[in-house]
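Work through the exercises below with the sequence and the model open. Try each task before reading its solution.

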Number of protein chains: 2
Amino acid sequence: MKLTQTEMAHTLRQAGYRLTQPRLAVLQVLEESDEGLSPEEVHQQGKTVCVSLGLVTVYRTLELLAELGLVRRVHSQQRCHGYASAGAARHHLLCRGCHRVTEFPCDGLDDLIEAVRRQTGYAITEHLLELSGVCPECQAKSA
Amino acid sequence: MKLTQTEMAHTLRQAGYRLTQPRLAVLQVLEESDEGLSPEEVHQQGKTVCVSLGLVTVYRTLELLAELGLVRRVHSQQRCHGYASAGAARHHLLCRGCHRVTEFPCDGLDDLIEAVRRQTGYAITEHLLELSGVCPECQAKSA
DNA sequence: GTGCTTGCAAACCCTTTGCAGTGAA
DNA sequence: TTCACTGCAAAGGGTTTGCAAGCAC
């Protein structure tokens with residue numbers, strides 16, 4: 001699921017924020033990329049969309065967009081501070097070859113979480129599941 | 001599963017490293033704590049065990065111990081660079097109240113991973129599953 | 001026109017590196 | 001005794017903050 005500019009504008013407006021070129025640029029970069037990007041990478045690619053884009057603004061924008069749920073933070077062993085466009089799922093599949101980030105449906109997870117809740121007594125409110133491996137394309141390349 | 005000093009000494013020796021006071025201190029702190037600790041926290045607590053312990057040594061020791069598999073890196077939305085004593089599992093349950101890190105058995109995960117592999121074609125080599133919520137003790141406190 | 005937003009520069013903090021003294025084997 | 005290890009100090013790099021100029025509304 002990708003977010004359109006219209007949807008984004010609406011979300012920003014509703015939260016009392018303005019729709020600006022830098023914000024559009026950051027979101028566009030994340031939507032056009034399948035990878036989890038670092039702030040630095042977002043800045044580099046964002047400058048092709050909004051020439052005057054500053055790194056500081058990227059940081060502020062990423063924080064804002066993450067707060068609004070328009071982008072999602074991606075943590076992994078390799079790159080700890082990645083950002084990706086927000087889809088519905090919280091489950092990420094990382095390719096260690098090309099760093100692309102894919103989301104996948106994860107039907108069995110709820111049962112699993114329920115089992116853990118029963119065993120431990122925790123009230124579980126969030127989960128983070130990241131699988132990493134090699135995507136079909138990179139497997140083909142290395143073969 | 002906790003590691004004893006003897007086991008640790010053996011692991012270090014086998015890899016060609018020396019068993020030193022700072023290394024013992026760092027491991028002891030992580031074993032006595034149920035939380036995922038930041039390098040800074042390990043340093044603070046470690047100084048009660050090894051008075052002269054320096055922060056730099058904590059960083060170097062954590063990296064070494066992680067490499068040897070004696071401690072494990074813990075990533076989460078809140079604290080990105082945490083370390084915890086290594087157990088058998090890779091599944092962590094974080095309490096957002098007291099920051100304790102519990103490990104839990106996760107029987108259904110292999111099936112889930114296999115399903116994702118079939119759907120996506122990825123060769124999945126690693127996984128990271130972190131659940132977070134509120135532990136029973138913290139639930140009781142806030143009640 | 002108003003004031004939220006931006007970009008630059010500088011401050012900040014966490015982490016890493018260099019080096020001489022120290023202690024484990 | 002040897003040399004891996006430590007701790008200090010300083011460098012390094014990524015992130016945040018302050019402020020005047022610039023746009024969205």
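**Exercises on a protein–DNA model**

Of the atoms of DNA strand C within 4 Å of the protein, 64% belong to sugar or phosphate, and the rest belong to bases. The model is predicted: local features need pLDDT of at least 70, side-chain atom pairs count only at pLDDT 80 or more, and totals for chains, interfaces and linings use all residues. Residues are numbered from 1 along each chain as its sequence is written, chains are lettered from A and ligands numbered from 1 in the order in which they are written, and side-chain values use heavy atoms, with hydrogens and water left out.

**Exercise 1.** Find which residues come nearest to DNA strand C, and describe the polar contacts.

Step 1. Around DNA strand C there are 18 residues (near: a heavy atom within 4 Å). Arg18(A), Ser52(A), Thr57(A), Arg60(A) and Tyr59(B) come nearest.

Step 2. Look for polar contacts (pairs of N or O atoms within 3.5 Å). Arg18(A) has a polar side-chain atom 2.8 Å from a base nitrogen of DNA strand C. His81(B) places a polar side-chain atom 3.3 Å from a phosphate oxygen of the strand.

**Exercise 2.** Describe how helices α2 and α3 of chain B cross.

Step 1. The axes (lines fitted to C-alpha atoms over the stretch in contact) of α2 (residues 21–32) and α3 (residues 39–46) of chain B come within 9 Å and cross at roughly 105°. α2(B) is therefore roughly perpendicular to α3(B) (65 to 115 degrees).

Step 2. List the contacts (heavy atoms within 4.5 Å). Ala25(B), Val26(B), Val29(B) and Leu30(B) of α2(B) meet Val42(B), Gln45(B) and Gly46(B) of α3(B).

How values were computed:
A polar contact is a pair of N or O atoms within 3.5 Å; within protein, one must be able to donate a hydrogen and the other to accept it, and residues adjacent in sequence count only if both atoms are side-chain atoms. Axes are lines fitted to C-alpha atoms, for helices over the stretch in contact, and angles run from 0 to 180 degrees between N-to-C directions. Helices (H or I, at least four residues) and strands (E, at least two) are DSSP runs, numbered from the N terminus. Angles under 35 degrees count as roughly parallel, over 145 as roughly antiparallel, 65 to 115 as roughly perpendicular and the rest as oblique.
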